[in-house]
Amino acid sequence: MQPIHILLLIAAYFGVLLLISYFTGKNAGNETFFKANRQSPWYVVAFGMIGASLSGVTFISVPGWVEASQFSYMQVVLGYLVGNFVIAYILMPIYYKFNVTSIYQYLEQRFGTVSYKTGAFFFFISRVLGASFRLYLVAIVLQHYIFDEWNVPFEITVILSILLIWIYTFRGGIKTIVWTDTLQTLFMLLAVGMAIYYINDKIGWTLSEFISSDELKAYNKIFFFDSFLAKNHFFKSFIGGMFIAICMTGLDQDMMQKNLTCRNLKEAQKNMVSFSLVLVVVNFVFLLLGALLFIYANKFNINIPLMDGETKTDLLFPEIAIKGGLGVVLAISFILGLIAAAYSSADSALTSLTTSFCVDFLGIEKRPKENQIKIRKNTHIGMSILLIFVIIIFKHVLTENVISNLLTVATYTYGPLLGLFAFGIFTKYKIYDKYTWRVALASVLIIIGISKIPVEFIGGYQIGYELLPLNGLLTFLGLILIRRK
């Protein structure tokens, strides 16, 4: 495909999103923008959340990670499953009971204002970085396959990407996103299915022949019990995955804001359970695709693409889909899937950042009614500009696989949230609220210090995702120290 054809395809896709935005954003006030008037069908939310959870990171980065890690990521995914059940039956009843707009309002009612602001601050940092990781991944693909041909700077690519998101979310907010996520999930799953079909067809395999092939066996090891010292040991990955799900979904305003648009708690729980089960299957399919991509590249001598002089396995899927000689149908479906994967998470991230900043930091619900919509719109613009700056910075500092970076950052920023919510739910203590931010900051600094310890100093033990629950535990213990007698 020529760059102009890809650009026209993207334009048509966004035309559809703008049409959805037009119908869902009619007469939309802040109640619609923040909560979708609590009228979203649970099955629509569940299907859309698949795309938002996967995002461009799973769409590109997980398949690109298979050569280095085989199918060990499934250990983390199984942890996600258990974590999502914890969300459905422990966290969500609390959110519905307190009727919150921002889930961090629970911390204010439980502990006080400083704890509330501390929780909201750590979400804000987490979501800005997480959304930027996801958008950065898509921006480098668009840059590599479209805009480099026209000598358009990376910065312009990023600005255009964020501008498009802002245009279709600024009126309807979360109500628009619930429906656009459904469309985007569909495109993403179709792209993966078609890629598996066309690559197998080119090799001369049926799906069953691929599944039973010796080539796949070189990549498909899931469970790793060989050494507890290794980063990918099953227990460490599973526990880490469970807490990543609890934090990055259950303690994350972005993902929970969609759940809170359901009509009631029972429907929201149906949404979480069905979403969790389907997510396991979908992630496994992405890993199968990753193995197939490397098999195909080896058979047809396709080199892993370079970016800034370094190999980027994240670019292998787009390289094969667009330039791998598999036809225009796959190229079109890949582009649609890529854009869908990117924007299904980025648009909701932008909306949740706007919601959190308006509710948690600006106190929009206490402002005069006539000023509230203006405040929300200005904040939406401000969050868009912030994401642009962070993504541009990432281009100059990121070196590893994007999903690895994303999960590493999560261990630092979501730990204090885990500790705060766990302390609030599982104890009855009050605390000296003014000291909460110091406890959270100390916990993060200790975890960063632990992560930097050379492996030879700790008997070859490789620290992995277990830093996240450890971070939460340190925050929990710190809160015990500042509890009221």
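How far apart are the axes of H6 and helix H19 (residues 436-451), and at what angle do they cross? The legends below, which describe a predicted model, begin with this pair.

**View 1. Packing of helix H6 against helix H19 (residues 436-451).** The two axes come within 8 Å of each other and cross at roughly 35°. On the H6 side the contact is formed by Val114, Ser115, Thr118 and Phe122, and on the H19 side by Thr436, Trp437, Ala440 and Val444. Five of the residues in this contact are nonpolar and three are polar, while none is charged.

**View 2. Packing of helix H6 (residues 113-145) against helix H14 (residues 316-323).** Here the axes lie 11 Å apart, at an angle of about 40°. The crossing of H6 past H14 is right-handed. Val141, His144 and Tyr145 of H6 meet Pro318, Glu319, Ile322 and Lys323 of H14. Sorted by class, the residues joining H6 to H14 comprise four nonpolar, one polar and two charged.

**View 3. Surroundings of Ile199 in helix H8 (residues 174-203).** Ile199 has a relative accessibility of 1% and is therefore classed as buried, the cut-off being under 20%. Leaving aside residues up to four places away in sequence, Ile199 touches Leu289, Leu292, Leu293, Tyr296, Ile320 and Leu326. One of these contacts, Tyr296, is 97 residues from Ile199 in sequence, yet the C-alpha atoms of the two residues are 7.1 Å apart in space.

**View 4. Helix H18 (residues 415-426) and its enclosure.** Of the 12 residues in H18, 10 are buried, so the helix is largely enclosed by the rest of the structure. The buried residues are Gly415, Pro416, Leu417, Leu418, Gly419, Leu420, Phe421, Ala422, Phe423 and Gly424. The C-alpha atoms at the ends of H18 are 16 Å apart, which agrees with the span of 16 Å expected for its 12 residues at 1.5 Å a residue.

**View 5. The buried cysteines Cys247 and Cys358.** Cys247 has a relative accessible area of 0% and is thus buried. Cys358 is likewise counted as buried, because its relative accessibility is 0%. A search covering the whole structure finds zero disulfides.

Notes: Residues are numbered from 1 along each chain as its sequence is written. This is a predicted model: local features need pLDDT of at least 70, side-chain atom pairs count only at pLDDT 80 or more; totals for chains, interfaces and linings use all residues. Side-chain values use heavy atoms; hydrogens and water are left out. Helices (H or I, at least four residues) and strands (E, at least two) are DSSP runs, numbered from the N terminus. Buried means under 20% relative accessible area, exposed over 50%, partly exposed in between (1.4 Å probe, protein chains only). Contact means heavy atoms within 4.5 Å. Axes are lines fitted to C-alpha atoms, for helices over the stretch in contact, and angles run from 0 to 180 degrees between N-to-C directions. A crossing is left-handed if the near helix is turned anticlockwise from the far one by less than a right angle, and right-handed if clockwise. Ala, Val, Leu, Ile, Met, Phe, Trp, Tyr, Cys and Pro count as nonpolar, Asp, Glu, Lys and Arg as charged, and the others, Gly among them, as polar. A disulfide is a pair of cysteine sulfur atoms within 2.5 Å. The expected span of a helix is 1.5 Å times one less than its number of residues.
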